[in-house]
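Below are some comments for a colleague at the bench, set out point by point. Please read them with the sequence and the structure open side by side.

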Amino acid sequence: METRKFIDKPDQSCLLIALSVVLASLVSFSDAEDHYHEFVIQAQPVKRLCRTHKIITVNGQFPGPTLEVRDGDSLIIKTTNAAQYNITLHWHGVRQIANPWADGPEYITQCPIQPGGTYTYRFTIRNQVGTLWWHAHSQWLRATVYGALIIYPKVGLPYPFLTPSQEIPILLGEWWDRDPMAVLQQAQFTGAAPNVSNAFTINGQPGDFYRCSSQETTVFSVESGEAVLLRIINAALNQELFFAVANHKLTVVGVDAAYTKPFTTNIIMIGPGQTTDVLLTADQSPSRYYMAASAYESAQNAAFDNTTTTAVLEYSSETCSARRQSSQVLLPQLPAFNDTTTATAFTAGLRSPSKVSIPNKIDEYLFFTVGLGLINCLLPSPNCQGPNGTRFAASMNNVSFVFPTALSIMQAYYQGVPGIFSADFPPVPPILFNYTGNVNRGLWQPVKGTKVYKLKYGSMVQLVLQDTSIVSTENHPMHLHGYQFAVVGMGFGNFNAARDTPNFNLVDPPVRNTIGTPAGGWVAIRFVADNPGVWLMHCHIDSHLVWGLAMCFLVENGQGDQQTVIPPPSDLPQC
Ligand code: C2O
């Protein structure tokens, strides 16, 4: 059963806003609410592309329930696993200050919830506003287990932009005409790349360009002249996407639950894990327009799903069916799949609305290579069906991350259990090479390990993520749990500190939780290590994650209760 509280959207009336600001100043310490939800993980038959599959869902819903809260509110989500797989849930982008127990990545901060088990996630939203989302963080279950997490401002705080008359969550997803867990198992057996998806989806529906789908195409109706806020979430498992709406400009006002300087564009590029809030004004002639998404695929010679998902933006005067039949739906022009210029221009165009406080006295200069690799096999084997009889792998600083199986890293650290992880993740690559050049084959094979990098509480961190050309250069959407970071610079080729550091934007860089390494390039981020706990950093392309494109930061406790990880809840699952 779900208990959802209705939340008033910010109101247009200046009078009301003025009144509520006055009220907010009187009650702002007492108006935080607790939101209770019951999430039952269960299989549910769902028909797409002419065939029915039993997919894993929350409460039988696909996509899963939308959570709506205000900044400062708490969520209490009792999760019951009525499915046949181990599972965890992750609240993507929620900072979970000193509360890694609620973060969710399996074997990082908790053991999975076993079939029949329950676990209650309890956490508070602190100083975050905008669009986040939640998803399973076990194997490939997030292919179907995901939903939106919308954070409205505190009572009385308006948006720093034109108040939309309508808000629409747009969840971009990826559908396999098979059980995604079987696709993963097959890839893990063969060592080859997993099969690509058969469709992309908008709010769970592929749209008019797929077989047996047009009856169910998602339709959003708008009034002429109104402003609509689209809260776009890339929940696809493995694919970065371009998104556009025919004839309509999009004004980006937020990414990853942080406001941005309004930025008007025809196209957005959004990586798995990222969110982008855009304002759209229904100022075109009343008609029906497609919104559409298709792949941005930066890797060379990689198979990818080259289909296009659509939903319809329908002006309300068009709802009468006679008109609907006569009116053509206009399709937006999406970039070519390999249009890195457009993808980069979009990502690099984002700015914070005003000056951001960014660490400038850096304690930790970290430099991590990010990329694919190949594990050599001694003999030909059915398990070595990757390129030239190898198995695919991926790594950061040549360490291919292996998830523990006996206990989570956070529990092992907290309880002092040895042998689960080691704290020797290297701050720089073990061997320096021309990362984006023609890399010697002797450097293609990473080393497996479960390594964390320790950070002192409060240390100022600069991290450069450097893509490599091993196997292929590629844009990797890198997500850091438990933090929001400032994206201070990016470029193509190898990072050069002397040349590139002076060009960093230390004034108004965007603040995010997921950022792509430009294909064959680098991105620099800065953050203060002010959240104690174990925090996974990984590529949000799940095929890369399972190949090992991950590491963890272990941020030590600071002084006093506020800077110390809270005790684990008594129902934290056992392994
Ligand atoms: Cu959205 Cu580790 O994940």
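1. Let me begin with the second largest pocket, whose lining, sorted by class, holds 17 nonpolar, 12 polar and five charged residues. Please keep in mind throughout that this is a predicted model. The pocket has a volume of about 680 Å³, and of the 34 residues that line it, Gln188, Phe403, Leu545, Val546 and Trp547 lie nearest its centre.

2. Which elements build the wall of this second largest pocket, with at least two residues each? They are strand S7 (130-136), helix H2 (180-190), strand S22 (391-396), strand S23 (399-401) and helix H7 (542-547). Among the contributors to this lining, H7 gives the most, with five residues.

3. The largest pocket has a volume of about 1,200 Å³ and is lined by 48 residues, of which Arg95, Arg126, Asn127, Gln128 and Gln484 lie nearest its centre. Taken by class, its lining comprises 26 nonpolar, 13 polar and nine charged residues. At least two lining residues come from each of strand S4 (74-81), strand S6 (118-124), strand S15 (258-265), strand S28 (485-492) and strand S31 (521-528).

4. Two of the strands that line the largest pocket, S4 and S6, also belong to an open sheet of four strands, which runs in the order S2-S1-S4-S6 with mixed pairing. The edges of this sheet are strand S2 (51-58) and S6, each of which pairs on one side only. On average, and with direction ignored, neighbouring strands of the sheet are turned by 25° against each other.

5. Within that sheet, strand S1 (residues 34-48) pairs with S2 in the antiparallel sense, over eight bridges. To find this pairing in the display, one can look for Lys47, which stands opposite Thr52 in S2.

6. Turning to enclosed space, how many cavities of 30 Å³ or more does the structure hold? There are four, and in the largest cavity lies about 110 Å³ of space. This largest cavity is lined by 14 residues, and those closest to its centre are Met269, Ala343, Thr347, Asn475 and Gly516. Helix H4 (residues 340-348) gives the most to this lining, with three residues, while the classes are represented by seven nonpolar, six polar and one charged residues.

7. The second largest cavity has a volume of about 80 Å³, and of its 15 lining residues the closest to the centre are Val129, Gly130, Arg231, Tyr259 and Asp277. By class, this lining has 10 nonpolar, three polar and two charged residues. S7, strand S12 (227-234), strand S14 (250-255) and S15 each supply at least two residues, and S14 gives the most, with three. Two of these strands link back to the points above, since S7 also helps to line the second largest pocket and S15 also helps to line the largest pocket.

8. A last point concerns confidence: the protein chain averages a pLDDT of 94, and 93% of the residues score at least 70. Over residues 1-28, however, pLDDT stays under 50, and for this stretch the model has 32 contacts beyond four places in sequence. Where pLDDT is low, predicted coordinates should not be read in detail.

Notes:
Residues are numbered from 1 along each chain as its sequence is written. This is a predicted model: local features need pLDDT of at least 70, side-chain atom pairs count only at pLDDT 80 or more; totals for chains, interfaces and linings use all residues. Side-chain values use heavy atoms; hydrogens and water are left out. On a 1 Å grid over the protein atoms alone, a cavity is a set of points where a 1.4 Å probe fits but cannot get out, and a pocket is an open set with protein on both sides within 12 Å along at least five of seven lines; lining residues have an atom within 4 Å of a point. Grid points are joined across faces, edges and corners, and a volume is the space filled by probe spheres set on the points. Ala, Val, Leu, Ile, Met, Phe, Trp, Tyr, Cys and Pro count as nonpolar, Asp, Glu, Lys and Arg as charged, and the others, Gly among them, as polar. Two strands pair if DSSP finds at least two bridges between them. Axes are lines fitted to C-alpha atoms, for helices over the stretch in contact, and angles run from 0 to 180 degrees between N-to-C directions. pLDDT is the predictor's confidence in each residue, from 0 to 100. Contact means heavy atoms within 4.5 Å.
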